[in-house]
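Me: Please take a close look at the interior of this protein. I would like the packing first, and then the places around it.

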Amino acid sequence: METVRLSDKLELTRVIAGCMRMVDAGKKGGELLCFVQECMELGINCFDHAPVYGGGLCEKTFGEDVIAACPGIREKIKIVTKAGIVVPGTYGNRHIYYDSRENSLLAEMEASLKRLHTDHVDLLLIHRPDILGHPEEAARALEKIVQDGKALEVGVSNYEVSQFEALQHYLPFPLVANQVELSVKTTDQLFNGVVDTAMRLDTGIMAWSPLGGGSVFKGEDEKSLRLRKAVGEIADAHGTTMDTVMYAWLFRHPAKIMAITGTMSSEHLKPAVEALALELSYDEWYGILAASRGFDVP
Ligand SMILES: NC(=O)c1ccc[n+]([C@@H]2O[C@H](COP(=O)([O-])OP(=O)(O)OC[C@H]3O[C@@H](n4cnc5c(N)ncnc54)[C@H](OP(=O)(O)O)[C@@H]3O)[C@@H](O)[C@H]2O)c1
């Protein structure tokens with residue numbers, strides 16, 4: 001599997017298995033371990049987590065049923081997790097909020113490590129920018145987490161360019177990735193400077209919901225209908241599937257975008273891997289962009 005080198009210490013596969021839907025899909029025990037092994041057979045050795053997935057149950061189940069249950073597996077896989085979202089009820093709060101204060105990030109890191117049954121993660125991301133937090137304080141927490149060996153590298157998720165640059169300003173080492181929503185369905189990051197900045201700084205872009213959360217397959221909104229037609233025609237022309245084309249559309253971009261899959265079915269994972277071998281033409285790529293936006297580029 002092709003990888004992206006994010007630093008001297010960290011390389012991630014172009015396809016990363018997202019674990020957000022794990023608990024809802026009922027994946028646990030031997031079935032979960034089997035899914036992880038199938039991922040690894042396909043060359044996918046990186047798993048994306050967050051404390052908020054399944055209210056902590058996704059990390060906990062993965063930690064117990066994969067890492068603790070299968071000695072030796074931890075060294076063969078990379079784990080990404082996140083910190084910084086406080087869901088209602090956590091501290092008696094009525095509202096969800098984002099918290100990147102030092103103590104909050106440090107405590108979340110510890111809790112994730114405990115749930116995941118590991119002493120470090122490969123990559124920790126601040127899940128969403130805390131509007132009330134000074135980036136200097138978030139940077140202090142990230143620096144301590146790296147110094148203590150709790151995360152090999154750190155990055156962010158859902159950060160705009162200015163937020164990324166403000167946090168980077170206070171760090172003595174580079175943020176290695178920005179995980180953002182990016183797909184044929186959601187193309188904003190290609191126009192708001194996020195992807196351009198990643199190329200300028202040689203930072204990784206990790207695309208979440210690479211299939212638009214599955215909406216292109218069944219959505220009845222106009223955008224989904226346009227995309228289903230355009231992507232379907234290109235898939236037919238290549239003798240492949242719509243999901244393969246949607247992943248290939250991301251992989252065709254020069255930023256070496258990594259796709260975080262959401263499927264919990266190993267059959268649905270294969271198209272993501274196969275897409276690495278499908279090079280869309282300029283005409284096909286811009287045609288899908290036009291179907292997404294509803295108009296050709298001027
Ligand atoms: N950083 C963030 O803020 C953030 C936010 C959201 C998500 N994420 C990460 O991104 C990952 C992926 O997000 P996502 O789940 O929205 O990704 P997605 O890949 O866009 O959507 C997954 C959905 O598509 C369906 N699907 C896949 N292949 C299909 C096919 N051939 N036909 C019909 N349906 C198909 C899946 O169902 P099946 O299971 O039946 O295949 C699943 O319901 C998450 O697991 C999480 O790790 C990060």
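Reply: What follows starts with the nonpolar cores and the aromatic residues, then turns to the ligand and to single residues. The model is predicted.

Start with the main core. The largest nonpolar core holds 82 residues. F62, L124, L167, L182, W249 and I288 make the most contacts inside it. Helix α9, residues 242–251, is the top contributor to this core, with 8 residues. There is also a second, separate core. It has 14 residues, including V4, L6, I16 and M258.

L167 shows how the main core is packed. Set aside its neighbours within four places in sequence. L167 is then in contact with I126, P135, A138, A139, L142, V156, Y159 and L175.

W249 leads to the aromatic residues. The model has 4 aromatic pairs. One of them joins W249 and W285, and this pair is stacked. The ring centres are 4.6 Å apart, with 5 degrees between the planes. The pair links distant parts of the chain. W249 sits in helix α9, while W285 belongs to helix α11, residues 282–293. The two are 36 residues apart. Both W249 and W285 are buried. They also belong to one aromatic cluster, together with Y282 and Y286.

Next, the ligand. There are 27 residues around the ligand. R21, D48, S209, T263 and H268 come nearest. Some polar atoms can be placed exactly. A polar side-chain atom of S157 is 2.9 Å from a ligand nitrogen. The backbone also takes part: a polar backbone atom of G213 lies 2.7 Å from an oxygen atom of the ligand. For M264, a polar backbone atom is 3.3 Å from a ligand oxygen. On its own, the ligand has 920 Å² of accessible area, and the protein covers 84% of that.

Now two buried polar residues. T13 is in strand β2, residues 11–13. T13 counts as buried because its relative accessibility is 4%, and the cut-off is under 20%. The T13 side chain reaches the backbone oxygen of V15 at 2.8 Å. Beyond its neighbours within four places in sequence, T13 is in contact with M1, E2, T3, G43, I44, N45, C46 and M258. M258 is also one of the residues of the second core.

S7 lies in the loop between β1 (3–5) and β2. At 17% relative accessibility, S7 also counts as buried, since that value is under 20%. The side chain of S7 has two polar partners to look at. One is the backbone nitrogen of K9, reached at 2.9 Å. Another is the side chain of E153, in a polar contact of 2.5 Å. With neighbours within four places in sequence left out, S7 is in contact with E153 and V176. S7 can also be placed against G204. Their C-alpha atoms are 9.8 Å apart in space, although 197 residues separate them in sequence.

Then come three loop residues with more accessible area to look at. H95 is in the loop between β6 (85–86) and β7 (97–98). Its relative accessible area is 55%, so H95 is exposed, the cut-off being over 50%. Apart from neighbours within four places in sequence, H95 is in contact with V86 and P88. The C-alpha atoms of H95 and W208 are 24 Å apart, and their positions lie 113 residues apart along the chain.

H117 and K256 raise a backbone point. Most residues other than glycine have a negative phi. H117 is not a glycine, yet its phi is positive, at about 55 degrees. K256 is another such case: its phi is near 55 degrees, a positive value in a residue other than glycine. H117 is in the loop between α3 (102–116) and β8 (121–126). K256 lies in the loop between α9 and β12 (258–261). H117 has a relative accessible area of 42%, and is partly exposed. K256 is partly exposed as well, with 44%.

To close, return to helix α9. It gives the most residues to the largest core, and it carries W249 of the stacked pair. The loop that holds K256 runs between this helix and β12.

Key: Residues are numbered from 1 along each chain as its sequence is written. This is a predicted model: local features need pLDDT of at least 70, side-chain atom pairs count only at pLDDT 80 or more; totals for chains, interfaces and linings use all residues. Side-chain values use heavy atoms; hydrogens and water are left out. A nonpolar core is a set of buried Ala, Val, Leu, Ile, Met, Phe, Trp, Tyr and Cys residues joined through side-chain atoms within 4.5 Å. Buried means under 20% relative accessible area, exposed over 50%, partly exposed in between (1.4 Å probe, protein chains only). Helices (H or I, at least four residues) and strands (E, at least two) are DSSP runs, numbered from the N terminus. Contact means heavy atoms within 4.5 Å. A residue is near a molecule or strand if one of its heavy atoms lies within 4 Å of it. A polar contact is a pair of N or O atoms within 3.5 Å; within protein, one must be able to donate a hydrogen and the other to accept it, and residues adjacent in sequence count only if both atoms are side-chain atoms. Accessible areas come from the Shrake-Rupley method with a 1.4 Å probe; for residues, only the protein chains shown count as cover. Rings of Phe, Tyr and Trp (its six-membered ring) pair if their centres lie within 6.5 Å; planes under 30 degrees apart count as stacked, over 60 as edge-to-face and the rest as tilted.
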